[in-house]
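Trainee: Could you walk me through a structure and show me how to read its features step by step?
Mentor: Gladly! Let us put it on the screen and begin.

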Amino acid sequence: MATRVSKHMASKQALYENLVNAYSPWLYRYAYWLSGEKSAAEDLVQETFLRAWRFLDSLKDEGSAKSWLTTILRRENARKYERKQFQYSDVDMDSISIETVQFDARPEVSALRIALKNLPAKYREPLVLQVLEGYTLDEIARMFELPRNTVATRLHRARQKLRVVLQGSDDDIRKQR
Amino acid sequence: MNCIEFRQLKLADPYVFNHEASRHISHCSTCAAFDREIQNLDNSLRIALTVAVPEGLAAKVLLNQSFRSNPRRPTRWYWLSMAASFFMAVFIFQMMPADSLHADIVEHLDHEAHQVHGKFGDISTAEVRNVLYAIGGDIDNSLGKVTYASKCYMNEQLVAHFVVENDGQPYTLIIIPRESKHQLSFQSGRWHGVIMPHATGSLAVVAGAGADSTSDLLRMAKHYSESIKQRPI
C-alpha cells in the first residue's frame with residue numbers, strides 16, 4: 001500500500017515537474033500581459049502551479065495541460081488582481097517604456113509594447129493567446145465562454161488600434177532620422 | 001470575397017488559410033500589400049509580447065511547491081501538536097454543520113478542471129451508472145436528460161458530477177460520498193445551490209445565481225435523490 005502511494009506521488013511529482021518546465025515561460029508571459037507587472041505575473045504563476053498541484057489528479061489528458069493551466073491562471077488573475085488592476089492611464093509613458101525594454105529595444109517594438117499595455121484587456125487577452133501561442137478563434141472563444149464572432153471582432157479591433165499606433169511610430173522614427 | 005471581407009478576415013485571424021482569400025490577393029494588389037502589412041504587424045507583435053522570463057522561474061515554482069508539500073522533518077512536539085489539532089478538528093467538525101461542503105462545490109465548479117476529462121453530449125444511462133459506481137452509487141430510475149458526466153476529485157475526494165437538463169435548463173448535480181447532517185442552501189458568486197443528506201453521503205443541485213428559487217432546487221434535489229441509491233456491497 002505504502003509503495004503504491006509513494007509510486008503515485010513519484011509519478012505525480014514527475015508530471016508536475018514536466019508541466020512546470022514546459023509551461024512556466026508561457027504562463028509568465030501571459031500573466032505579465034494580464035496583470036501588467038512583473039512581480040504580479042510571477043505571483044500568478046506561483047499560485048497557478050500551487051493550485052495545479054492540488055488538482056493534478058483530475059488532469060487525465062496531458063495534451064490538455066496547457067489550456068488547463070491557462071484557465072487556472074485566468075481564474076487566479078480574476079480572483080486576485082482584477083480589483084487592483086494597474087491603471088496605465090495614470091502612469092507616465094516614459095517610465096513604462098523604460099521598465100518594459102526587454103529582449104528587443106527597437107523604438108517600434110517599444111511603441112508596440114506601450115500600445116499593447118494601453119489596449120483594453122478584452123482586446124489584449126485574445127491577441128496574446130493568438131499571437132504568442134497560436135490559439136485558434138474557436139479555442140479562444142471556448143476559453144472565454146464567448147461567441148466566436150465576438151472574439152473575431154475583438155481581435156479585429158485590437159489589430160486596427162495597433163496598426164494606427166505603429167504607423168504613428170513609423171512617422172516619428174522617420175522624423176528623428 | 002471582396003476587399004472588405006478580406007481585410008476583416010485578416011485582421012481577426014491572419015493565420016487561417018482560406019482559398020477565397022488566396023484567390024482574392026492573386027488579383028488585388030492593394031489587399032496583397034495589406035496582407036503583408038498584417039504579417040509584419042504580427043511579427044513585430046510576437047517580438048513585443050515575448051518579454052523576458054525571470055531567471056530560474058521554474059526552479060522557484062518547484063521549490064515553493066516542495067516547501068508546501070514537504071514541510072520540515074517533524075519532531076515529537078510536532079506530532080503532539082498534530083494530535084491535539086486533530087482532536088480539536090474532530091470536535092469542531094462534529095459541532096459544525098457540513099456547510100464547508102458548499103465551499104468545496106463552488107471551488108470545484110469555478111475551477112473547471114473537471115471539464116478536461118468529463119464527457120459531454122447525450123450521456124447514456126450506462127455511462128451515468130458507470131460514474132455512480134465509482135462512488136458507490138447506482139440508479140433506480142433514469143436521471144432524464146444528462147449532458148455531462150464525470151468522476152471528479154473534489155478536495156481530494158472522488159465525486160460524481162453530472163449536468164442534467166430540467167425544463168430545458170442545465171443544472172449541476174453532484175453526488176459526494178461525504179455525509180451532510182442537514183439540508184442547506186447556498187448562494188456564492190455565480191452559483192445558487194442546495195445540499196441534502198443522501199444514502200450515498202450528500203447530493204447537491206446547483207444552478208446559475210438568480211435562475212431558480214431555493215424551493216425549486218430542493219424539489220429537484222429530492223427528485224434526483226429518489227432516483228439515485230447506494231450500491232449494495
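**Reading strands, helices and cores**

Mentor: Let us start with a pair of strands in this predicted model. In chain B, β7(B) and strand β8 (residues 201-208) run antiparallel and are joined by 8 bridges.

Trainee: Which residue in β8(B) is the bridge partner of B:V194?

Mentor: That partner is B:V205. Now look at the link between the strands: a hairpin of 2 residues takes the chain from β7(B) to β8(B).

Trainee: With which strand does β6 (residues 184-188) of chain B pair, and in what sense?

Mentor: Strand β6(B) pairs with β7 (residues 191-198) of chain B, in the antiparallel sense and over 5 bridges. To find your place in that pairing, look for B:F186, which stands opposite B:G193 in β7(B). The hairpin of β6(B) and β7(B) has 2 residues between the strands, and B:G189 there takes a positive phi near 55°.

Trainee: Where else should I look for a positive phi?

Mentor: Try residues other than glycine. A:E145 is one of them, with phi near 55°, and B:D167 is another, with phi near 50°.

Trainee: Where does A:E145 lie, and where is the place of B:D167?

Mentor: Each is in a loop. A:E145 lies between α7 (137-144) and α8 of chain A, while B:D167 is found between β4 (157-166) and β5 (169-176) of chain B.

Trainee: Is A:E145 buried or exposed?

Mentor: The way to tell is to count neighbours: a residue is exposed if 12 or fewer other C-beta atoms lie within 10 Å of its own. A:E145 counts as exposed because it has 6 C-beta neighbours inside 10 Å. B:D167 is exposed too, with 8 other C-beta atoms within 10 Å.

Trainee: What about a residue in a helix, such as B:A103 in α6 (residues 100-111) of chain B?

Mentor: B:A103 has 12 other C-beta atoms within 10 Å, so this residue is exposed as well. B:A103 also shows how the fold brings together parts of the sequence: B:S188 is 85 residues away along the chain, but the C-alpha to C-alpha distance is 8.5 Å.

Trainee: How do I describe two helices that pack against each other?

Mentor: Two packed helices are described by the angle between their axes and the distance between the axes. For a case here, take helix α1 (residues 3-12) and helix α3 (residues 29-49) of chain B: the angle is about 10° and the axes are 10 Å apart. Angles under 35 degrees count as roughly parallel, so α1(B) is roughly parallel to α3(B).

Trainee: Which residues make the contact?

Mentor: From α1(B) come B:C3, B:F6, B:R7, B:K10 and B:L11, and from α3(B) come B:T30, B:C31, B:F34, B:D35 and B:I38. These residues divide into 6 nonpolar, 1 polar and 3 charged.

Trainee: And what is the idea behind a nonpolar core?

Mentor: In soluble globular proteins, nonpolar side chains tend to be buried together. The largest nonpolar core here has 45 residues, and A:L27, A:A31, A:V45, A:L69 and A:L112 touch the most other members. Its largest share, 10 residues, comes from α1(A).

Trainee: Which residues does A:A31 touch, leaving out those up to four places away in sequence?

Mentor: A:A31 touches A:A41, A:L44, A:V45, A:L73 and A:N77. There is also a second, separate core of 33 residues, which includes B:V131, B:L132, B:F162 and B:V206.

Trainee: How many residues of chain A are in contact with chain B?

Mentor: 47 residues of chain A are in contact with 35 residues of chain B. On the chain A side, α1(A) gives the most, with 10 residues. That side divides into 25 nonpolar, 10 polar and 12 charged residues.

Trainee: How many helices and strands should I find in chain A and in chain B?

Mentor: Chain A has 8 helices and 0 strands, whereas chain B has 8 helices and 9 strands. Buried residues make up 32% of the 177 residues in chain A and 26% of the 233 residues in chain B.

Technical notes: Residues are numbered from 1 along each chain as its sequence is written. Chains are lettered from A and ligands numbered from 1 in the order in which they are written. This is a predicted model: local features need pLDDT of at least 70, side-chain atom pairs count only at pLDDT 80 or more; totals for chains, interfaces and linings use all residues. A residue is buried if 20 or more other C-beta atoms lie within 10 Å of its own, exposed if 12 or fewer, and partly exposed in between; C-beta atoms are placed from the backbone. Two residues are in contact if their C-beta atoms, placed from the backbone, lie within 7 Å. Helices (H or I, at least four residues) and strands (E, at least two) are DSSP runs, numbered from the N terminus. Ala, Val, Leu, Ile, Met, Phe, Trp, Tyr, Cys and Pro count as nonpolar, Asp, Glu, Lys and Arg as charged, and the others, Gly among them, as polar. A nonpolar core is a set of buried Ala, Val, Leu, Ile, Met, Phe, Trp, Tyr and Cys residues joined through C-beta atoms within 7 Å. Axes are lines fitted to C-alpha atoms, for helices over the stretch in contact, and angles run from 0 to 180 degrees between N-to-C directions. Angles under 35 degrees count as roughly parallel, over 145 as roughly antiparallel, 65 to 115 as roughly perpendicular and the rest as oblique. Two strands pair if DSSP finds at least two bridges between them.
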